[in-house]
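Work through the exercises below with the sequence and the model open. Try each task before reading its solution.

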Amino acid sequence: MKKLHFNGEGRSIWGDRSEIRSVVARVARHPAARVLGIIALATIIFAAALAPLSSLIVEGWLRQDLDIRSRLIFRSVRDRLQSSQLGPDNDLTPYLERIAEDERLLALGYCSETGRLLYATSLMPKDVSCETIRQGTTTFDVSSVAGTRAQVASVALSSGTKSGHLLVVHDLSFIDERSGKAKFYTILALTGASLGLGLLAVGVVLTLMRGWARAIYSAIAGARGTGATPPRTAFPSDRDFEKLLNTLRVERKFTEGIYVEWSPATLHQLLREELPGAQVMIVSNREPYIHNLVEGKATLQIPASGLVAALEPVMRACGGVWIAHGSGSADRETVDSRDRIAVPPAQPDYTLRRVWLSDEEQDGYYYGFSNEGLWPLCHIAFVRPSFREADWGEYFAVNAKFAEIVVEEATCDDPVVLVQDYHFALLPRMIRNRLPKATIITFWHIPWPNSETFGICPWRNEIIEGLLGSTILGFHTQFHCNNFIDAADRFLESRIDRESGSITLGGRETLIRPYPISIEWPPSPLATQPPIDECRRRVRERLGLSSDARIGVGIERFDYTKGILDRMRAVDSLLSLHPGWRERFAFIQAAAPTRSKLSTYSSLQNEAARLADEINKRHGVRDWKPIHLVVRHHEQDEVYELFRAADICVVSSLHDGMNLVAKEFVAARDDELGVLILSSFAGASRELSEALIVNPYDTTSMATAIDRALHMSESEQRERMRLMRELVRQHNVYGWAAQMLIHAARLRKRERIMTEDPSTQRDGASFDFEKLFTEPLR
Ligand code: G6P
């Protein structure tokens, strides 16, 4: 027989030890295995109970038999004595020897009435004596004789004037042997019969269960109207039922809005069932994996971007193509001849298609129009937006370049394209013109300002019209949706249905919906994190903090919208108002340099460094300083370590679409402790209302909030944190993507019905989309 051999790494010739364990566990969990187990157990108990009984019965029978034999021997001896001349005075030994030839008869003897053994056959055991005989009675005793079990029968026998006792000694070992055999055959027979019956019962049960499972499956399939035939499962297990019920749950969610635990698996299922065979593409400026040259070697980096953090797990679940600007210094070296690379590099799930942009294109499209125009326009941070015609030209050209690549990558005429953010406001319309049947879901990750502010943009109409090429246009909050609808109302001639939240332009309807973005749950960086105390120890050691120092953190890109300066001023104010925190509290500000080419960003970095120095000088004592400004990119595991080491996390955005740092802090705290201080101007404050909500412009009240957080009891922290964690768990990023895909699937179905039945088509004003992009630029 083949044997399992495990080597030092826990692998056997049949695979991984854990694989074998999991197969064994799966088999053991199977209902049939359980039924068989119960039957086997019942059989053993039943047989174990009956076997001693059978051996008792057999022993009883054999003992009775022996008694009869002893009496027979006695009678024959007595008759012989009476019918012959032999008397007890004669030597009876030869006569007794002849009788004792019987195989089970051990010995025969004759005792005088005075208790003396007068005659005995040669094998008479020494330990049989006449002393124990009760005169005049017949006895059948069982005792151990010469090491074996024997029956010693003594019967009163008189001849003439003499009387004595005949001793008949029978070997009982054959009884033990026979009752042992009886026991064995009884167990064998009972086990065989029970197992046979059990197997028959299992067969009947399984046939019934299979029938039920197929009936349930058909009922679900019938209810869904898919007419799918049941799978040919020979043996329905818990998993099959779980899968069926899950299908039902997800189905009900799609149609009735009941709660579904969204995960990569359910998202995958949704795609399979609601958008069967659809090709999924993501378009974003920032790529999820950057290869940079570090000391002559291509080194992988994951950018500090909320967008990437949210969409990467979705893409891993869905597969497909992610089209993005290849911005890394070693990006070109790592792609194939079609500018593609399979990612994540360690275990690929989807394709990254890199798009190359010249310095000129980057300056105009990315730094110029996107980050000096739209970014300050959409964020109320009092940085003046700059709009330059040349930048707009590059913005238009780069959007057109990406549209070309979307068409090139499309393997069908109706892909699902997820367009991301303010870098691609024109792209939805451009894709729509080339692939009219595509489902285009655009998500605007930053706030949308009120129409008065938006009106500043010289290309406001083109931007709104470009976005209305989408099937669905999503924002984080209803407030931003309303702002967009107001802008469309104010600047375009379109049909607006505020009740359904849709805008129809040129006969084509776009749904405007809030989809608050989130993070993956459970967050993957958490899997490799050490316990909280260890995180704290490491961070304190790294920054030279005392072992009882309280820690506050702020982690983000070095962006003026994040309120980094305001938060430092709040720490300054805390130490002035509550000097007791000196030497006891440290604030770690981790900031990743971003868009440093722009003066607003570089001057922010300088200003932050100057302010940190000033505050540290004002409050610093010996080698203790309150603010630790760490300006560099932090990898995800470092970010989570900081979150876990912290007593408080401060998110003081002056304006933010959502802010995923707030949600990541909550997700990192599986100890349910830590306090989140959150700006009321971040979209996250609509959902995480158990945080301490602050106005970042009000430095004193922010300082008070920090003091309150540092004094908050563990039970209050736990109560708040639990509620926030529950919210992030339920509304995770898979749910975010699922909501948009569910709506898209519904619209796709509706579109199909309308195409098939022209009578249901709506009248739409004819609108020349092409004109928008073929006319010369202003
Ligand atoms: C914001 C934007 C994202 C962008 C991120 C990082 O969150 O909404 O689109 O990816 O900032 O900015 P960066 O300019 O470095 O890509």
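The exercises that follow concern a predicted model.

**Exercise 1. Check the span of helix α20 against the expected span.**

Solution. Step 1: helix α20 covers residues 699–711, which is 13 residues. Step 2: the expected span of a helix is 1.5 Å times one less than its number of residues. For α20 this comes to 18 Å. Step 3: the end C-alpha atoms of α20 are 19 Å apart, which agrees with the expected span.

**Exercise 2. List the buried residues of α20 and the elements they pack against.**

Solution. Step 1: the buried residues of α20 are M702, A703, A705, I706, D707, A709 and L710. Step 2: these buried residues pack against one helix, α16 (564–577), and against the strands β20 (550–557), β21 (585–592), β23 (648–651), β24 (675–679) and β25 (692–694).

**Exercise 3. Describe the surroundings of F585.**

Solution. Step 1: F585 is located in strand β21. Step 2: a residue is buried if its relative accessible area is under 20%. F585 has 0%, so F585 is buried. Step 3: leaving aside neighbours within four places in sequence, the contacts of F585 include V571, L574, W624 and I648. I706 and L710 are also among the contacts of F585, and both are listed as buried residues of α20. Step 4: D548 is 37 residues from F585 in sequence, while the C-alpha atoms of the two are 9.1 Å apart in space.

**Exercise 4. Find the disulfide and describe the two ends of the link.**

Solution. Step 1: a disulfide is a covalent bond between the sulfur atoms of two cysteines. Step 2: searching the whole structure gives one disulfide. Its partners are C111 and C130, with an S to S distance of 2.0 Å. Step 3: C111 is in strand β3 (residues 105–112), and C130 is in the loop between β4 (117–120) and β5 (139–145). The two are 19 residues apart, and the pair links distant parts of the chain. Step 4: the angle about the S-S bond is -70°, and the link is left-handed. Step 5: C111 and C130 are both buried.

**Exercise 5. Classify the ring pair of W448 and F454.**

Solution. Step 1: the model has 25 aromatic pairs. Step 2: in the pair of W448 and F454, the ring centres are 4.4 Å apart and the planes stand at 35°. Step 3: planes under 30 degrees apart count as stacked and over 60 as edge-to-face. The pair of W448 and F454 is therefore tilted. Step 4: W448 counts as buried at 1% relative accessibility, and F454 is buried at 0%.

Methods: Residues numbered from 1 in each chain as written. Predicted model: local features only at pLDDT ≥ 70, side-chain atom pairs only at ≥ 80, totals over all residues. Heavy atoms only, no water. Helix = DSSP H or I, 4+ residues; strand = E, 2+ residues; numbered from the N terminus. Buried < 20%, exposed > 50% of the residue type's maximum accessible area, 1.4 Å probe, protein only. Contact = heavy atoms within 4.5 Å. Disulfide = S-S within 2.5 Å. Phe/Tyr/Trp six-rings, centres within 6.5 Å; stacked < 30°, edge-to-face > 60°.
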